[in-house]
Structure formats: structure tokens, C-alpha cells
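Colleague: Could you walk me through this one? I would like to hear the reasoning behind each label.

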Amino acid sequence: MRIAIAVRGLAALGWTLCVAGFASAQLPGIAVERGLAADLGLGIGDTVRFGTAPDSLRRLAVVSAIYQPRPDPAEISKRQRHVRMHLPDLAAALGAPDRVDRFGVGLRPGLAAESAAAVLRSNAFGYQVHSTRAIASESSQTFLVISRFHRAIAIITIVAGAVFLLCIMLLKVEERRLDAAVMRFIGVRRRTMFGALLLEAALVAVVGSVVGTGMALMAGAATNAYYRRFFDTALTFSHITPRIVIFSVALSLGLGLVAGSLAAWRLVRTRPMVLWGRQ
Amino acid sequence: MTGIGWGVRSLGRHPLRTALSLAGIAVAAAMLLDMVMLSGGLEKSFGDLLLARGYQIRLTPRGTLPFDTEATLDGASRVVAALRRDPAIEAAGAVLGTALYGRSADSLVGLFGYGVDPTAQGLYQVTSGADLTPGDTAGVLLAGPVARLLGVGPGDSVTLIGRLDPQVAMAAVGRRFVVRGVVHWLYDHRGQLSVGAVLPVMQRLARADAADRASLVVIKARDDGAVGSLAARLRREFPELEVSSVADLVAHFKLRLVYFRQLSYILGSMSLIVAVLLIATLLTITVHERLGEIVTLRAIGVSRGTVIRQVLAEGAALTGAGGAIGIGLGLLTARYLDAILTGFPGLPAAFSFFVPRAGTLGTAAAVLFLTGSLAGLYPAWLAARSPIAETLRAEAT
């Protein structure tokens, strides 16, 4: 955390960073994140001046690596830049030798992380002990909230879509009043008419679902392209799985059939003369 | 009867169809309203929160935002003294944030400690008991959740521990304090366990007293209109510090939550499109159904303008009624969505994503009404251009 601050301070005073002509072999190495290296025009072997504050850039280091950070959804909106150093070099720069923020503990195979954490928690005075799973669960809370929000928006969208579909189906079927009257006059059975109208509703729903799926795939691709560029990350923002497609198509088919059958039922139970507009 | 009267009455001929259309428009309008509230609510809510105590500028370590990192600035008293000499500044105070422990029976509770200057603080409001006084080194302020957890109130004593020493398994820095008051920390998230003491006490607990460290300095300018120029001047005077006005912080915040703003624009536009499609479809089919009636009216001398007004009035009536229902529905769903989003970990409890504002709501209503009314243009054009004789002949057969 603190070294990131130092680098942000350095970025603000970028003109003081590159210093040539030092005996770089004796300087500590520093690994620089790709984005930061691009921002500051750094390459392997460049010497940088760094410190914990812009007015105390007294330390020098040689860029020994430029790395691509692992995509992390928790970090993208912060837009912080990072560097990596060997622990003793960083501790010396911070003036805090032999101090760390946290320890990582690897357990022998077969040991349960939670029970080991409980033992450490009861014995290690002054430490907070967390299992990796607990940390992952805690840090994923943000995304659970976003997921809940998306689900709520999806429900509202489904309600809006259902009403829209019902309305359109009703209008489509009502448009066929004269056709229905003529069919009834020439002896076509109500059941046949109902089936025909239902088939038409199903066809409309299928075509709508196919077009909608295509639009969703295009919108998803556009969303990913835009946000990957916007946040300079390889993360996937829109992920349309077969399960989502199946659910959406099944839902729209179901809604289409329900809406179509309601509208068709309303039409076939109306007397032909009323449909013809003579009563 | 006027064209508008006809238009409104014609909606009553098909109650089911009209009801469904109204429901569709209402849901679309509710979504539009929610998205308008979301797009502007973020910055409004955050700006109001930052200005809750009237402090318009924050000074933090260079490259950081308030409490965004653990970085601190040193020589806080020197910075504050220099700021207080500035005639453009009404008040300035340093704040230190640090991790603490409180003793509850035989166990320790993790707390967040604020070191404040009670005469110049923009962080809390006293809800019961008394505030700290500047020289009060024995007093402490507790957040409601801490008071409940420790089972104490104003006048009681609590033990706070600044640092634990794992090597000797004991508290390295700790002492007893008297609870002066229970306060509402403005920037705390729900249930946050925060305590406050005067800055020198908190610096000692955090072992930050030697370098006189603070997390930030808050500044209240005498003139609200001069905040921008004061911030610019402070940037020149304190190049080692980050000087952020409320506008700067809101801009940073908007950048972080850009996703929600963009989502609100996209979903708001889609809601508008759905409403327009629904109205246009309904009116087009209605016009087709009533073509005979419309051309008969034309044949007896009713002008094209009256027919167009009638169709447009139907669209306007649908949009108006659907929008009115949509406002109520939108306010309800906004509360539901806000309850979800304010569950973000670490978000101040006072923060809101969906903020109803008269200006933005008026704009949304006007846009919906205008586009909804314009959705009737195509069906109105269809109605007006129908050939009278040909249509009447077709209707007769």
C-alpha cells in the first residue's frame, strides 16, 4: 500500500525519475507494473529515484522487470499503480526494518485451514488470523452487492418485457378480428383458430428470442471491448453463458405463449358478429 | 368536442388494451426515473456528505485521498498553524485515523480510532452526552455500535489499547478513558466500531506522536465562492500535500463509480425506447382500426389538424397517465435498489445512490412526455393522409 503511494508521488513528479550514469549493478532492483512503465516511459535497466514523499526522493533503484498485473476486479476502479521490491529494500525505504503488514502461511497437505486459523487465533496475541477462503469471501462482498443489483434490475426488465409482450400480443391478435370473424362464418372451429393464433404467438416469441439473443451477444461484446479499453484490463465484464441464453429464451417463449393464449382466448370467445363490427 | 377530448375518450373504448399499455409505460417510466436518480444521485449524495459540516477542502499525503490508504502526513500541527494564519480560512483541523483495540470483559475488540481537534472537526455530530474539549486528554467519544458492544455510556470508563506487542503478549500502549459522549461519525459504514479522542492522545496510542502525524487536515474557507482559488493557492504553498476540494473529491468518486453512471444512461435510454415503441405500436394499430371513423370525420369537414391533434393527444394522455403511475412505482423501486447498493462494504451509512431531485426529475418527466407525445407522430401522419373516398368504399364493402 505505501509503496503505491510513493510511486503515485513519483508519477506526479515524473521529470525527477530517470537518472542516468549510476552504477546500476549496486542498486536494488524494482519491478514496475506495465501501465506505470508506459506512463513514465520506463524500460528495463532504467534507474529511478523513489521515496515515501515527493520531497524525499532520495533512494535509487534499477528497473529489473516490467510485469503485467493479474486482472483484479477489486482494483480496477482505483486506478492505482504498483511496483514490487524485495522486502528488505522496501522496509529500508520506509524506515521500518523488520516490520510487515501481514504473513502468508502455507499449511502442510491435509491440514484444514479453518482449524489452523482457529489455533493461531487463540495463541497469537496481537494478530488477526484469516483463512484464504474467509478473505476471498470478505473481498467478494462488493461483487455480491453488484450481483444483487443486477438481479433486481433484471427482474424489473423482465416485468417490463412481459407487459410489453402481453400488450403487443393482444394488439396483434386484435388486429385479426375481421379474419377471425370470417373464419368463424365459414365454419372454422374455435380450437383450430386458437391453435393457429397460439402458433403465431410462439413464432413471434421464437423470432424475438433469436433476435434478442443476437443483440445481447453484440451488446455484451461491445460492453467488454469498451470497459476493457476504459479500465485497461483483461477482465470480462459481460459473460453470456448458455444457461443465461436458455433461461432467457425459455422465459420469453413462456411469456409469449401465455400472452398469445390469453389474447387468442379473448378473441375466439367473442361472437363473430361482434368481431365483424355489426353488433 | 375537441381533438384532445376525442383522443382521451378513444382510450376508454379498449380498457384492457389501455390498461396494459399504461402498465408498460409505467414500468418503463419507473425505470427511467430510477436511472435518472442514479445518474445524478451519486455525486449529489457524496457532495452533501462531504459538506455536512461545512469543510470544503481536505489536505492529505501527496497522491492519496482521505482515508484511502494508511499514509499519513507529518508535522500536522505546523501545517494547521500555518493554515489558521491564512485570512481566507475560517477553521482548520487535523485528523488521524488508526486501528485500536477496546477491552470488553476478558476479550479485545478491534476498533477504528479518530484523533480530532474538537474545535475544528468535520467528522461527527454528538448524539448524547458532551463533546470533547481541546485539552481533554482523559475523554473519549464512542460511536453508537461501540457503546452498545462495550455496554457503556457517557460518564463510564473504557480501556483503549493502541498497539499489541505479540512478543511479550501484552498491550504496548493502553489506558483508561472516560466516555464523554456518543456520536454519529459521518463517514462510517453501518455498524463501524469507531472511537474518537483529541489528536495528541490518538497520536500517542498510534505511536505517531513523535512525527506529529495525521491522516488529513480539514479546512473550512470563509467564502464558499473562493474555494477553488484557495485550493489552487494551497497547492502551491504545500506541494508535498494533496489538496482536494469537494468538487475534486466528487470528480474522483465519479470516476470510481463511472460504471453506475454509464449503466444508468444505458438503461434510461432503453426505458425511453420501450415506452416510445409501446405508444407508437398502440396508436398505429388504433388508427388502423378507426380508419373508417377518421375518414368519415374528415368527410364531414373535420380538418387534418384536428385528426392529428387527436392522435397526438392519445399519445400524450397515455404518457402522462403512465408516467404518473411510473413516478410512484419508480420511487418505490428506487428505495429497494438503494437498499441493495448501500450494502457495499465500507460505504458511509449516510450515502445514497438514488437521490430524488426536483430538477432532474422534472427533466426526466419532460423528456418522457415529449418523446411519448412524439411517438404519435407516425400514426397521426397515417390518419391524416388516408384517402377519404377510397377508405370509405373499402369500409363499406
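**Labels and their reasons**

Modeller: Gladly. Chain B has 13 helices and 10 strands, where helices (H or I, at least four residues) and strands (E, at least two) are DSSP runs numbered from the N terminus. This is a predicted model, in which local features need pLDDT of at least 70 and side-chain atom pairs count only at pLDDT 80 or more, while totals for chains, interfaces and linings use all residues. Residues are numbered from 1 along each chain as its sequence is written, and chains are lettered from A and ligands numbered from 1 in the order in which they are written.

Colleague: How do you know how chain B stands against a compact globule of 397 residues?

Modeller: By its radius of gyration, taken over C-alpha atoms; the globule rule is 2.2 Å times the number of residues to the power 0.38. That rule gives a value near 21 Å for 397 residues, but chain B has 31 Å. The C-alpha atoms of chain B fill a box of roughly 105 × 50 × 35 Å along the principal axes.

Colleague: Which domains does chain B have, and how far apart are their C-alpha centres?

Modeller: The bounds come from an automatic or database domain assignment. For chain B it gives domain 1 (3-48 + 256-396) and domain 2 (63-239). The C-alpha centres of domain 1 and domain 2 of chain B lie 51 Å apart.

Colleague: What makes residues of these two domains count as touching?

Modeller: Two residues are in contact if their C-beta atoms, placed from the backbone, lie within 7 Å. On that basis, 5 residues of domain 1 of chain B are in contact with 5 residues of domain 2 of chain B. On the domain 1 side, the residues divide into 4 nonpolar, 1 polar and no charged. Here Ala, Val, Leu, Ile, Met, Phe, Trp, Tyr, Cys and Pro count as nonpolar, Asp, Glu, Lys and Arg as charged, and the others, Gly among them, as polar.

Colleague: Why is strand β10 of chain B called mostly covered?

Modeller: A residue is buried if 20 or more other C-beta atoms lie within 10 Å of its own, exposed if 12 or fewer, and partly exposed in between, with C-beta atoms placed from the backbone. In β10 (residues 241-245) of chain B, 5 of its 5 residues are buried. B:L241, B:V243 and B:S245 are on one side and B:E242 and B:S244 on the other, so both faces are covered by the burial cut-off.

Colleague: What makes β1 of chain B a partner of β10(B)?

Modeller: Two strands pair if DSSP finds at least two bridges between them. Strand β1 (residues 57-61) of chain B is joined to β10(B) by 5 bridges, so the two strands pair, and they run antiparallel. B:I57 stands opposite B:S245.

Colleague: Why is B:D212 called buried, and why is A:D232 called exposed?

Modeller: B:D212 has 20 other C-beta atoms within 10 Å, so it counts as buried. A:D232 has 12 C-beta neighbours inside 10 Å, so it counts as exposed.

Colleague: What is the phi of each, and where do they sit?

Modeller: Most residues other than glycine have a negative phi. Phi of A:D232 is near 50°, a positive value, and phi of B:D212 is also near 50°. A:D232 lies in the loop between α8 (190-231) and α9 (242-268) of chain A, while B:D212 lies in the loop between α5 (199-205) and β9 (216-221) of chain B.
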